[in-house]
Amino acid sequence: MKNKDKDSGSRTIRVDYLARVEGEGGVYIRIRDGQVKDVKLKIFEPPRYFEALLRGRKYLEAPDITARICGICPIAYQMGACHAMEDIFALRVEGTVRELRRLIYCGEWIESHALHVFMLHAPDFLGYESAIHMAKDHPDIVELGLRIKKLGNEIMTVVGGREIHPINVRVGGFYKAPSREALRALLPELEWARDAAEQTIRWVSELPFPEFEQAYEFVALRHPEEYPFNEGRLISSAGLDIPITSFFDYIEESHVKHSTSLHAHMKERGNYFVGPMARYSLNFDQLSPSVQEAARASGLGETCSNPFKSIIVRAVEILHAVEEAQRIIQCYEEPRESFMPYEVRAGTGHGCTEAPRGICYHRYTVDDHGIIEDASIVPPTSQNQSRIEEDLYHYVEQNIDLPDDKMQWQCEQAIRNYDPCISCSCHFLKLEMDRE
Amino acid sequence: MKRVNQTRKPKLAVWKFASCDGCQLSLLDCEDELLAVADAIEIANFPEASRAVVKGPYDLSLVEGSITTPHDSERIQKIRKVSKTLVTIGACATSGGIQALRNFGEVEEMASIVYAHPEYIQSLATSTPISDHVTVDFELRGCPINKNQLVEVISAFLHNRKPNTPGHSVCVECKKRGTVCVMVSRGIPCLGPVTQAGCGAICPAFNRGCYGCFGPMETPNTRALSDGWKKLGVTDRDLVHAYRGFNAYAEPFRKEGDALEK
């Protein structure tokens, strides 16, 4: 981090390497005569060219290869790839196999949200450099967070074989269905986690939140019967309501010089917001009565547009995922086949699922042998990039007189509100403030 | 491993190059050990977990990711200079990772497939392991690494001993956990016989063949395995792809893939 005072009327603040985000990025903010002139979210995560290296590979490899885009949310990539391939092969995965997919996604949401709530985001609100620093004064809460996180990992391990880059997910379902006993062994810890998640909601709702309500276009999946994971139509708070196959008819990507991650925009409308706050605000009615009650009791409305409060929404989603995991496991009987049969054929297919950080879209074209001819992947952070820049613009404008060190930290926090995953978006942070 | 000064806590740094962040997440995934590790060791530079940065030099540097940009090829030199012991974690840092598939194709073409303005992108033609650039004291394999092996490497370093991470094949792990050979009994092609142990032989236990996350074992007989796969009806093209996975640029896998392509 560097603070440079050029002269009495001008300041430059930069964070060269933004901490507690996954991946590499930074921010540059230019202020002239007390006005914000420019905000750039700089992403210098080295490009890894996934969409190019998928060409020529077999459709079955897509879930394993795309998982490697992100170690924090591999399930999102595996699910998006599987659904897109199944779209090509006209396969609908139903019944227990579909439930198992929801269960492994519950594991990823619990793990990823607990990591962000307790280890990456909460320390900002309480003024600690990290959860490890926070643990010295708040050992009970950090231990609670680690235990919730561990449960998420255990669900992924039982269903997926391991927590990072699970090996059991395949087009059509799973290589092997877990035994009823192995899943039921998770129930006592899930019962504990229900109380722990409620405690987490109460704890995070009492953190100090700045007044910062923004006018967002929220975009999320919407399913007629469920809080969304893998399926649904794409809807927005501005009236978008489309099948996922129309994604690129409404959303375009552009390549800006200051980022190795493409920026996504709604055509003719501009930036939009994906992630837990969008999901929650567009799907509150799909949460169970007990989760709705816990959200209301924390003071959260049916929608939330203060990004600093996304930490409460994540805690609410942990509770939802815990309940959903309990429900799935209690009804589980081992399926006769661990994956559903299909016939490989040529075509183009789409998959869009709710990663912990928001919608993650995949499109593939394969030939009649299932060889990938074209791949397009739009991760959540690349969709939020432009919106993060606008949040920063307003936040700095609203707090222009803050001293540099405080401004720096609060800008970092405003970015961490999005739980940005930079390795994903490049397939992202560093704060640089330039004041004159 | 070099001696640690016992009068103060050793300083740990975690560095990231081109990667998915999964291997450094493995450290945060040690939920039961994390606070104890943080007691025994000073987490001096770990941006994914903390905004606090303690100045080097560092007693132990864990390096994740491969070298893919001109800037990173300079950065690793500086990191080596401030690190007493440097350990690479994971397939990217140890063999170049999945992004090393670019080493077999044209990087300019790849950039133009992904980016509208490839001229904005500064990228090397290759993705290379850390050991191609600086001296590496120990390489921990895996895509991702196994967190128990990571704890073993950190404890070994703390006690000035060599880490106990076997160099034998995945086959040994299958025998240990009592998994019947998927290749022999069910005709499922498996990279286990040429892949280093460490994952716990997960894939065969889930009815699928090993796909080589941990890279080549010591002295692997890739030719014999390729012949075995061919007898199962696997095409040369599919065999090439099997070797060109997450450790494509590791020498034994690279050579076998290249030989099959000719």
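Q: Which residue of S2(B) does B:Leu12 stand opposite?

A: Strands of a sheet pair through backbone hydrogen bonds, either parallel or antiparallel. In this predicted model, B:Leu12 stands opposite B:Ile43 in S2(B). The pairing of S1(B) with strand S2 (residues 42-45) of chain B is parallel and runs over 3 bridges. S1(B) also pairs in the parallel sense with strand S3 (residues 58-64) of chain B, over 5 bridges. There, B:Trp15 has B:Val63 opposite.

Q: Are the faces of S1(B) covered or open?

A: In a regular strand the side chains alternate between the two faces of the sheet. Both faces of S1(B) are covered. B:Lys11, B:Ala13 and B:Trp15 are buried on one side, and B:Leu12, B:Val14 and B:Lys16 are buried on the other. Strand S1 (residues 11-16) of chain B is largely enclosed by the rest of the structure, because 6 of its 6 residues are buried.

Q: How should one read the order S12-S13-S14 in chain A?

A: The order tells which strands are neighbours. Here 3 strands form an open sheet with antiparallel pairing. Strand S12 (347-355) and strand S14 (372-378) of chain A are the edge strands; each has a single partner strand, so one side of each is left without a neighbour in the sheet. From one strand to the next, the twist averages 15°. S12(A) and strand S13 (residues 358-366) of chain A are joined in the antiparallel sense over 9 bridges, and A:Ala355 stands opposite A:Gly358 in S13(A).

Q: Which helix packs on this sheet?

A: Helix H13 (residues 380-398) of chain A does, touching S12, S13 and S14 of chain A. The direction of helix H13 makes about 130° with that of S13(A).

Q: What is the strand order of the open sheet that contains S8 of chain A?

A: The order is S7-S8-S9, and the pairing is antiparallel. Strand S7 (219-222) and strand S9 (241-242) of chain A stand at the edges with a single partner strand each, so one side of each has no neighbour in the sheet. Strand S8 (residues 233-236) of chain A pairs with S9(A) over 2 bridges, and the bridge partner of A:Leu234 in S9(A) is A:Ile242. Helix H10 (residues 276-283) of chain A lies across S7 and S8 of chain A, at about 50° to S7(A).

Q: Which residues touch the most other members of the largest nonpolar core?

A: A core can be read through the members that have the most contacts within it. In this core of 187 residues, they are A:Ile110, A:Ile155, A:Ala315 and A:Val316. Helix H4 (residues 95-126) of chain A gives the largest share, 14 residues. Another core, of 16 residues, lies apart from it; A:Ile29, A:Leu41, A:Leu392 and A:Tyr418 are among its members.

Q: Into which domains is chain A divided?

A: A domain may comprise separate stretches of sequence, as the ranges here show: domain 1 is 2-46 + 399-435, and domain 2 is 51-383. Their centres, taken over C-alpha atoms, are separated by 27 Å.

Q: How many residues does each chain bring to the contact between chain A and chain B?

A: The size of an interface is often given as the accessible area lost when the parts come together. Residue counts give another view: 49 residues come from chain B and 48 residues from chain A. H1(B) supplies the largest share of the chain B side, 5 residues. By class, that side has 29 nonpolar, 11 polar and 9 charged residues.

Technical notes: Residues are numbered from 1 along each chain as its sequence is written. Chains are lettered from A and ligands numbered from 1 in the order in which they are written. This is a predicted model: local features need pLDDT of at least 70, side-chain atom pairs count only at pLDDT 80 or more; totals for chains, interfaces and linings use all residues. A nonpolar core is a set of buried Ala, Val, Leu, Ile, Met, Phe, Trp, Tyr and Cys residues joined through C-beta atoms within 7 Å. A residue is buried if 20 or more other C-beta atoms lie within 10 Å of its own, exposed if 12 or fewer, and partly exposed in between; C-beta atoms are placed from the backbone. Helices (H or I, at least four residues) and strands (E, at least two) are DSSP runs, numbered from the N terminus. Two residues are in contact if their C-beta atoms, placed from the backbone, lie within 7 Å. Ala, Val, Leu, Ile, Met, Phe, Trp, Tyr, Cys and Pro count as nonpolar, Asp, Glu, Lys and Arg as charged, and the others, Gly among them, as polar. Two strands pair if DSSP finds at least two bridges between them. Axes are lines fitted to C-alpha atoms, for helices over the stretch in contact, and angles run from 0 to 180 degrees between N-to-C directions. Domain bounds come from an automatic or database domain assignment.
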